[in-house]
Amino acid sequence: MNRFDYIRPATAAEAIAAAAQPGSAYLAAGTNLVDLMKTGAARPERLVDITRLPGLDRIDWSPGGGARIGALVRNSDLAYDPAVRRAFPAVAEALLSGASPQLRNAATLGGNLLQRTRCAYFFDTASACNRRAPGAGCDAREGENRLHAILGWSEACIATHPSDVCVSLVALDAVVEIEGPDGAREIPLEALHRLPGDAPDQETALAAGELIVAVRLPPQAAAVASHARYLKIRERTSYAFAVVSAAAGLDLDGTTIRQARLALGGVAAKPWRARAAESVLEGAPADAATFARAAEAALAEARPSGDNAFKIELARRLIVRALSDALAGTPGQPPALPASPFAAPAGARHVA
Ligand SMILES: Cc1cc2nc3c(=O)[nH]c(=O)nc-3n(C[C@H](O)[C@H](O)[C@H](O)COP(=O)(O)OP(=O)(O)OC[C@H]3O[C@@H](n4cnc5c(N)ncnc54)[C@H](O)[C@@H]3O)c2cc1C
Ligand code: SF4
């Protein structure tokens with residue numbers, strides 16, 4: 001680990017002023033940043049510890065039912081908040097499918113949004129990686145790439161974004177509140193992460209020193225609360241990142257879909273809102289044929305970036321399963337194994 005300065009400002013203004021200096025990085029719980037510092041993949045000269053900043057660890061509700069979630073709210077606190085579970089169950093399910101209980105107790109929402117890719121070559125400083133060292137090349141292109149991107153990738157980088165909760169949040173039109181050296185602003189979460197293009201090192205829309213202070217979920221996002229799921233295919237049944245994941249929400253008018261929300265994880269360098277699929281779903285009957293057409297639309301642009309063509313079919317099937325499970329209704333309690341697609345879908349019969 002390289003030498004670095006450590007400071008712990010008392011106010012957001014002090015933190016922003018400190019982090020605006022070149023070579024600075026915000027430190028939240030450090031569950032991702034400190035790992036990267038240990039391998040040398042991240043080498044900040046100054047850590048600006050934000051964990052004691054006042055007011056960022058609260059969940060506030062608007063009179064209309066929207067939530068404002070502070071950037072320092074811990075993943076566990078958010079997942080187990082009863083009001084969040086009621087209004088935005090797919091957010092809770094996504095959080096509970098991630099990492100381990102110990103990590104969730106520490107990790108913050110802001111840090112989860114800004115966690116870096118899990119591409120092994122990004123972590124390994126002996127490997128060529130355009131995201132870590134612009135112009136170096138991309139060892140993943142000819143290397144171990146079965147878990148890499150199938151949407152939005154470029155020749156420069158085929159990495160995926162690993163967050164689970166981002167997928168549900170993007171499906172629900174979450175907004176990110178930011179404070180920085182030039183004042184406060186807000187952007188849709190969908191616009192926070194960048195696709196790699198020819199500059200994969202530019203991972204987000206944040207400028208130097210900008211601090212995420214909160215994430216807002218609009219009241220309208222609760223319209224799908226009674227038919228919402230997050231499903232995640234992983235290589236182990238727990239404590240593993242998504243190979244492919246899907247957040248699905250339906251607002252029904254009888255058997256017709258009034259409004260649909262669909263986003264994918266593990267497929268691109270950002271949480272992937274499947275808007276073409278939502279257009280197929282809205283106004284259509286809520287049935288298997290519609291769900292299959294939506295899955296086709298969601299993956300129309302997908303292409304393998306390596307040994308990962310299987311992820312396209314996997315994603316197609318997961319979308320159908322997530323929509324079918326959402327149609328069956330949000331479980332009263334989070335499932336014993338949150339986000340697992342291996343529970344039998346409601347109404348399914350096993351035929352030997
Ligand atoms: C073994 C393991 C398994 C995991 N499995 C999963 C999983 O299955 N699903 C999943 O989603 N995640 C998973 N994670 C990732 C984990 O959720 C993240 O490490 C965590 O959410 C990051 O939060 P943090 O507070 O520790 O952030 P930190 O590590 O402190 O920071 C992460 C990044 O965000 C920046 N940052 C933090 N807060 C802010 C802010 N408010 N404004 C601006 N910048 C900020 C930091 O500078 C840093 O670049 C796993 C992690 C580990 C170690
Ligand atoms: S896929 Fe992206 S993160 Fe991975 S080695 Fe290539 S450039 Fe680096």
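In strand 7, the residue that stands opposite Glu177 is Glu186, and this pair of glutamates belongs to an antiparallel arrangement in which strand 6 (residues 175-180) and strand 7 (residues 183-188) are paired over six bridges. The connection between strand 6 and strand 7 is a hairpin that passes through two residues. These details, like everything that follows, are read from a predicted model.

From this hairpin one can turn to the protein as a whole, which contains 12 helices and 12 strands. Its radius of gyration is 20 Å, close to the 20 Å that the globule rule gives for 352 residues, and the protein is therefore as compact as a globular protein of that length. The C-alpha trace spans about 60 × 50 × 35 Å along the principal axes of the protein, and 48% of the 352 residues count as buried. Among the contacts with a separation of 6 or more, 65% are made by residues that are 24 or more positions apart.

Two open sheets can be followed next, beginning with the one that includes strand 1. This sheet has three strands in the order 1-3-2, and their pairing is parallel. Strand 1 (5-7) and strand 2 (24-27) stand at its edges, where each has a single partner strand, so one side of each is left without a neighbour in the sheet. On average, and with direction ignored, neighbouring strands of this sheet are turned by 25° against each other. Between strand 2 and strand 3 (residues 46-49), which run parallel, there are four bridges, and Ser24 is found opposite Arg46 of strand 3. Helix 1 (residues 12-19) lies across strand 1, strand 2 and strand 3, and its direction makes an angle of about 165° with strand 3.

The other open sheet is made of four strands in the order 9-10-11-12, this time with antiparallel pairing. Here the edges are held by strand 9 (228-234) and strand 12 (272-273), and because each has a single partner strand, one side of each is left without a neighbour in the sheet. Strand 12 pairs with strand 11 (residues 256-265) in the antiparallel sense over two bridges, and in strand 12 it is Trp272 that serves as the bridge partner of Leu264. Helix 5 (residues 89-96) lies across strand 9 and strand 10 (242-253), running at about 20° to strand 9.

A single residue in helix 11 (residues 288-298), namely Ala297, illustrates how contacts are made across the sequence. Leaving aside neighbours within four places in sequence, Ala297 is in contact with Ala276, Ala277 and Val280. Ala297 and Ala277 are separated by 20 residues in sequence, whereas their C-alpha atoms are 5.1 Å apart in space. Ala297 is nevertheless classed as partly exposed, because 19 other C-beta atoms lie within 10 Å, whereas a residue counts as buried when 20 or more do so.

The last stop is ligand 2, which is surrounded by 14 residues, the closest being Cys119, Tyr121, Cys129, Cys138 and Cys157. Sorted by class, the shell around ligand 2 consists of 10 nonpolar, two polar and two charged residues.

Notes:
Residues are numbered from 1 along each chain as its sequence is written. Chains are lettered from A and ligands numbered from 1 in the order in which they are written. This is a predicted model: local features need pLDDT of at least 70, side-chain atom pairs count only at pLDDT 80 or more; totals for chains, interfaces and linings use all residues. A residue is near a molecule or strand if its C-beta atom, placed from the backbone, lies within 6 Å of it. Ala, Val, Leu, Ile, Met, Phe, Trp, Tyr, Cys and Pro count as nonpolar, Asp, Glu, Lys and Arg as charged, and the others, Gly among them, as polar. The radius of gyration is taken over C-alpha atoms; the globule rule is 2.2 Å times the number of residues to the power 0.38. A residue is buried if 20 or more other C-beta atoms lie within 10 Å of its own, exposed if 12 or fewer, and partly exposed in between; C-beta atoms are placed from the backbone. Two residues are in contact if their C-beta atoms, placed from the backbone, lie within 7 Å. Two strands pair if DSSP finds at least two bridges between them. Axes are lines fitted to C-alpha atoms, for helices over the stretch in contact, and angles run from 0 to 180 degrees between N-to-C directions.
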